[in-house]
Amino acid sequence: MLLLFHTHLKTLILFLCCLSTSLWSQEVTLENIGTFEGKIVTFCAPITGTYQTKGERKVTYLNFGKAYPNHSFTVVFFEKALKTFSYDPLTLKGKQVCIMGKVGFYKEKPQIVLYDEKDLKVED
């Protein structure tokens with residue numbers, strides 16, 4: 001009886017782990033990313049444009065979909081996050097990447113604010 005309980009308990013724990021992973025980190029597409037506002041997702045696509053502001057406090061933008069200003073989605077990170085990179089993220093234009101983060105909106109377009117290089121994986 002105790003062995004049966006442990007077997008069911010292991011199955012339940014495995015199910016809950018899988019369920020929590022699917023709830024907290026979801027893979028999405030360029031077409032539906034806007035429907036995941038407020039959720040942590042994994043998004044993979046090629047970067048179609050990059051831009052970095054000039055001046056003292058740099059902001060970096062990685063755009064997806066069409067060229068700016070008709071892009072569908074943006075990854076944005078501020079200078080503090082830029083300092084975590086071991087390479088220049090502006091060199092990623094045209095590369096397939098996966099981003100993990102929380103989807104938000106800015107000027108009616110979905111975006112993820114990136115805080116660390118570890119949340120961006122280059123697939124090429």
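**Strand 3 and its surroundings**

In this predicted model, the hairpin formed by strand 2 and strand 3 has six residues between the strands, and Gly55 in that hairpin takes a positive phi near 110°. Strand 2 covers residues 40–52, and its pairing with strand 3 is antiparallel, with five bridges. One point of reference in this pairing is Thr50, whose bridge partner in strand 3 is Leu62.

On the other side of the connection to follow is strand 4, residues 71–78, which pairs with strand 3 in the antiparallel sense over seven bridges. Here Asn63 has Thr74 of strand 4 as its bridge partner. The link from strand 3 to strand 4 is a hairpin of five residues. Strand 3 thus pairs with strand 2 and with strand 4.

Strand 3 itself runs over residues 59–65 and is mostly covered, with five of its seven residues buried. In soluble globular proteins, nonpolar side chains tend to be buried together. The largest nonpolar core of the model has 22 residues, and the members that touch the most others are Phe64, Val75, Phe77 and Ile99. At least two residues of this core come from each of strand 2, strand 3, strand 4, helix 2 (79–82) and strand 5 (96–106). Strand 2 gives the most, with four residues.

Phe64 can be followed further through its contacts. Setting aside neighbours within four places in sequence, Phe64 is in contact with Leu30, Phe43, Ala45, Pro46, Ile47 and Thr48, among others. The remaining contacts of Phe64 are His71, Ser72, Phe73, Val75, Val97 and Ile99. Val75 and Ile99 are also listed with Phe64 among the core residues that touch the most other members.

Key
Residues numbered from 1 in each chain as written. Predicted model: local features only at pLDDT ≥ 70, side-chain atom pairs only at ≥ 80, totals over all residues. Heavy atoms only, no water. Buried < 20%, exposed > 50% of the residue type's maximum accessible area, 1.4 Å probe, protein only. Pairing = 2+ DSSP bridges. Core = buried A, V, L, I, M, F, W, Y, C linked by side-chain atoms within 4.5 Å. Contact = heavy atoms within 4.5 Å.
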